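Open the model in your viewer and keep the selection panel at hand. The tour goes from the whole chain to single residues.

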Amino acid sequence: MNFTFYLDKNKLAYILLYFIITLLFSFNIHAQNNIDVLKKAYKRLDSVEVNSFQSEHFFNKGFFFGQGLDPYIKFAETPTNNNFIISTPSKWKKYYKGVYKAGIKDKKDQNLKDISSIIDSYPNDGNVIPIAILQAEGEWLEEYDIDENIKAKKKGYQLSKEYKKFNIFSASVLKQKVYDADVSFEIVPELFEIRKKANVKNLSIDLADGQGFREINSGDVINTSYNSIGEKAIAVKFELSDDEFISYSIIDVVTLEKELPDLTFDLTTNFSNNRTNSLSGGTAELFNGCDDIFDKPVIIVEGFDPNNERSILDINDTYRDALIEESFRANGYDVIYLDFDNGGADIRTNGQVLQDLIVDVNTQKSGNSSIIIIGESMGGLVTRWALTDMEQDGIIHNVSHFISFDSPHLGANIPVGFQDLVEDMSDVDFFELFNVEEEEINKALTSLNSTAAKQMLLRYKGTSPHSEFTSLQNELASLGFPQQNNIRNISIINASGTGSNQEPVDDFSPNDPIYSVDFISIASLLIDVRTNQINGSTKTSALWILTGDLPTTIKEHTYSFDSFNYDIAAGGFQSSNNYEVELGNFLQAINIADWFGDDSYNYGRGNFSFVPLFSSVASTATLNSQADLNIS
C-alpha cells in the first residue's frame, strides 16, 4: 500500500506544532528579588491624593507599567485616527483586572468576578459564545504629576489640576471555537461592565454574518447562522457622542455540522494483558470510511496536551483542514482519533492506553486488514513504546504502518533562556504586575512540570536533560523500533515545502538574541533571551524590572555549554514571534509584546529549532560537534 500526503508548509506546521510548543520550562532562581522596592512603589501610588480626580479610576494603580493603555490615550487625543483594538479573552481579562485594581472606591463596594468559572460554565463543544464588555473612565499621572501631587498632599493643600483622562473600551468573545453553523452569542450580564453610562450612547455588534451592526444590551442573546467555516471577526462598537470605538475579537467556525462518531472507545480500564497499573485513560472516536464498514482502521494519536485543552474535535479539525482525513475516508479507511485524559502523563502510561485501544480495534473491526497508526509529535513516542512493548510481551498488534509525525525520538528542544524566563516571571508576581489570572500561569507551570515534558527535552532546567529523559531514552534504545510482521516505520518531518535546502533556523549564530522586550516608562521591563555559545559560557536570559531608577527584580542566568547548540540545528522550528499560537500557554497568558504596544519591544531572531532533524529521523550517526547535527 502506498499513499502520499501533500501539505503546504503552514498547515504542516500547524498540525505539528500544537503538542509541545507549550513547553517553556523553569530554573531555580539565584538572583535577589527586592520585593521591598516594589512595595515602596505601590505605597507611593497609594499616597496620591485622588479627591480632585474627575473619574473613579486611578489607572496607574491598575496598569503599573501603563501596559495596554496606548490605544486609548491615542484615541482620546486623535479619535478619528485611532478607533479600534484587536482583543482576545486573555487580553480582556487583563483589562478587567486592571480596571478593578484602579478603582478609587473601597474594594468592598466592588465585586471582582470569577471570570474563569463563568467561562467554564459554557461547554467547549457547545454553540453558545459568551461575550464580555468593559468600559471605564480613569486618569493617568505622569511621573512629575505624582511627585507634585504627593508634595502638595504633604503640605496640606489640594491641587486643582486636571490630569490625563481617557476611557478604556474592550469587548471580546470568551470562547474562540464553535463546531456548528448555528451560533448563539450571549452578552454575559456578570461581565457587562459599563462603568460610566454617560460616556457610551449605544452598543452594537457585527457578527460577520452579513447583517451588519445590531444594537445590544446586557443579557441579550443574538442568534446567527454561518454558511462557511473559518475565522470570523466579531466587532463590538462603542458609540460615543461624536466618535466611536470598535473592539474586534475572533472566533473560528471549525465545522458547519458536528459529525457524530460511528463508535466511541472508552479507555478507562486496565490493559487487557493483566497489567496492574491504573491507566490515566482516554477516549477514542471512530469515523467510518466511504463504505461505512469498520474494516480498515487508521489511528491518530494526539501529542503533548498536559492541560487537556485539545479535544477530539480539535484534533479532528487539523486533519480535516489539511484534507488528510478526507483522503483516508474517500479510500475506505476508517479514522480513529485518540485523546488522552492526561496528555502530559508518563509516555509509557499513555502507551498503555494506546495498547488498550489497539486490542479493542482488533477485536471490533471486520475483515483482515491491518492497522495504520499516525503518532503526532509526542504521540510518535507513545506509539513507538506501545508497539515495541507489545512485541516484547509476544502480543500481536496487527499494525502494518507506524507513521511518526515530526516526533522527537532523540529529544525536543526549547532554548534554556525560555525555560528560565517562565520561572522567573512566575517568581516576580506577574499575577499583579501584568494583571494575569492565576489560572493562566498555572497552566504553564503544569506544562513545564509534567512528566512527558521531562522525558522529551534535550536540556531541562539547565544544560543537561532530566533523569526521566535518560530513563526513557535507555528504554527506547533497548526496545528499538517495531518489527512485527514486517511493519513499515515511516518518519514524516517538518522540512522545506519546495524541496530546497534549509539553513539552520533563521541562519543565526550562537549568542544571538532570540527574544527581547525593552519597555521604558514610570516602571520599566527589560527582557533578553539568547541562544547559547558553543563550548563557552552564555548569559541565556535576563529579566529586569525597575521602578524609576531602582531595580525591583533582577534575574539573570549564565551556563557553560558543550559543543552543541540545538536552537540553530537543522529541523522543524518554532517562532517566538507568534506567541498566541506557537509559544503556548505562558507567553499567551502574559501577552508581552501585544500588551505593551508596537513601539515598546523588539524581537531577536524569533525562530528556534524545536525538533532537530537528527531527532525526528532517530539518526544513528555519531554526534560529536555542531556540524554533526546538520548532516544532510
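Buried means under 20% relative accessible area, exposed over 50%, and partly exposed in between, with a 1.4 Å probe and protein chains only. This is a predicted model, in which local features need pLDDT of at least 70 and side-chain atom pairs count only at pLDDT 80 or more, while totals for chains, interfaces and linings use all residues. Residues are numbered from 1 along each chain as its sequence is written, and side-chain values use heavy atoms, without hydrogens and water.

**Stop 1: one serine**

Select Ser-615. Buried or exposed? Ser-615 is buried, as its relative accessible area is 0%. Ser-615 sits in helix H20 (residues 613-616). Helices (H or I, at least four residues) and strands (E, at least two) are DSSP runs, numbered from the N terminus. Now add Ser-407, Pro-408, His-409, Leu-410 and Gly-411: Ser-615 touches them, leaving aside residues up to four places away in sequence. A contact means heavy atoms within 4.5 Å.

**Stop 2: the whole protein**

Zoom out and colour by secondary structure. There are 21 helices and 24 strands. The protein has 632 residues, and 55% of them are buried. Among contacts with a separation of 6 or more, 79% join residues 24 or more positions apart. Switch on the surface: about 25700 Å² is accessible, with 45% belonging to carbon and sulfur atoms. Those areas come from the Shrake-Rupley method with a 1.4 Å probe; for residues, only the protein chains shown count as cover.

**Stop 3: two helices**

Select residues 143-154, helix H7. Its 12 residues should span 16 Å at 1.5 Å a residue, and the end C-alpha atoms are 17 Å apart, which agrees. The expected span is 1.5 Å times one less than the number of residues. Which residues of H7 are buried? They are Asp-145, Ile-146, Asn-149, Ile-150 and Ala-152. Look down the axis: these buried residues fall within an arc of 160 degrees, so they line one face of H7. The arc is that of the directions from the helix axis to the C-beta atoms. Exposed Tyr-144, Lys-151 and Lys-154 are on the face turned away from the buried side of H7. Step just past H7 to Gly-156, where phi is positive, about 90 degrees.

Next, take residues 438-449, helix H14. From first C-alpha to last, its 12 residues reach 16 Å, close to the 16 Å expected at 1.5 Å a residue. Glu-440, Ile-441, Ala-444, Ser-447 and Leu-448 are buried in H14. They cover an arc of only 115 degrees around the axis, which puts them on the same side of H14.

**Stop 4: strands**

Display E9 (residues 230-239) with E6 (residues 202-206): they run antiparallel, joined by 5 bridges. Two strands pair if DSSP finds at least two bridges between them. Find Asn-202, opposite Glu-239 in E9. Then add E10 (residues 244-253), antiparallel to E9 over 10 bridges. A hairpin of 4 residues joins E9 to E10. Lys-237 has Ile-246 in E10 as its bridge partner.

**Stop 5: the cores**

Select Ile-133, Phe-185, Ile-234, Phe-238 and Ile-251. They touch the most other members of the largest nonpolar core, which has 50 residues. Strand E2 (residues 128-140) gives the most to this core, 7 residues. Apart from it lies another core of 39 residues, among them Phe-58, Ile-527, Ile-545 and Val-611. A nonpolar core is a set of buried Ala, Val, Leu, Ile, Met, Phe, Trp, Tyr and Cys residues joined through side-chain atoms within 4.5 Å.
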